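Student: Please take me through a close look at one part of this model, with the cut-offs spelled out as you go.

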Amino acid sequence: MERLKRKLARFMQGRYGVDQLYVAMLILYFILLALNQRINNPYFGLLLWLLIVVAIYRVFSKNVSKRYAENQKFLKFWRRIKTKLRLAVKRLADIRTHRYRKCPNCQTVLRLPRKRGVHQTKCPRCTKRFQVKVRF
Ligand SMILES: [Zn+2]
């Protein structure tokens, strides 16, 4: 067992290893695999193979800086999705009492009380005034 561990450690030396993108690809792989059980498309199956091959290739790759950059790109993308999802959940939770509107000047999303009609509001971030329409 010790010898095997040492061998594995030597083999992995200088190789990239596992990262968040790898985990995401693996999760995506299993989701798509479950989906493929239903549609059973050969091209889709090929795509699945490609996904797992690329995921494993990345782990054993020696081009560490390139793999690292890929992972950073993925993390940036994932953070954007997470922010959007969190906002969507908040919007839904507040649907009876508040409305969310984007400031046309700085793009900040404002949480405004739900008052029907057209109102003037001031963005707390950039202090620009703009009109808000709340229909329902
Ligand atoms: Zn603003």
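Student: What geometry do the 4 donor atoms give the site of the zinc ion?

Tutor: Happy to! This is a predicted model, so local features need pLDDT of at least 70 and side-chain atom pairs count only at pLDDT 80 or more, while totals for chains, interfaces and linings use all residues. Residues are numbered from 1 along each chain as its sequence is written, and side-chain values use heavy atoms, with hydrogens and water left out.

The site is tetrahedral, with angles of 105 to 113° among the 4 donor atoms; four donors earn that label if all angles lie between 85 and 135 degrees. For reference, the ideal angle for four tetrahedral donors is 109.5 degrees.

The protein donors are the SG atoms of Cys103, Cys106, Cys123 and Cys126, at 2.2 to 2.3 Å from the zinc ion. A donor here is an N, O or S atom within 2.8 Å of the metal (3.2 Å for Na, K and Ca), and sites may look incomplete as water is not among the atoms. Along the sequence, the spacing of these donor residues reads C-x2-C-x16-C-x2-C.

Now for solvent exposure at two of the donor residues. Cys123 is buried because its relative accessible area is 0%, whereas Cys126, at 24%, is partly exposed. Buried means under 20%, exposed over 50%, and partly exposed in between, using a 1.4 Å probe and protein chains only. So the zinc ion has a buried donor residue in Cys123 and a partly exposed one in Cys126.

Technical notes: Four donors count as tetrahedral if all angles lie between 85 and 135 degrees; four count as square planar and six as octahedral if opposite donors are over 155 degrees apart and all others between 65 and 115; anything else is irregular.
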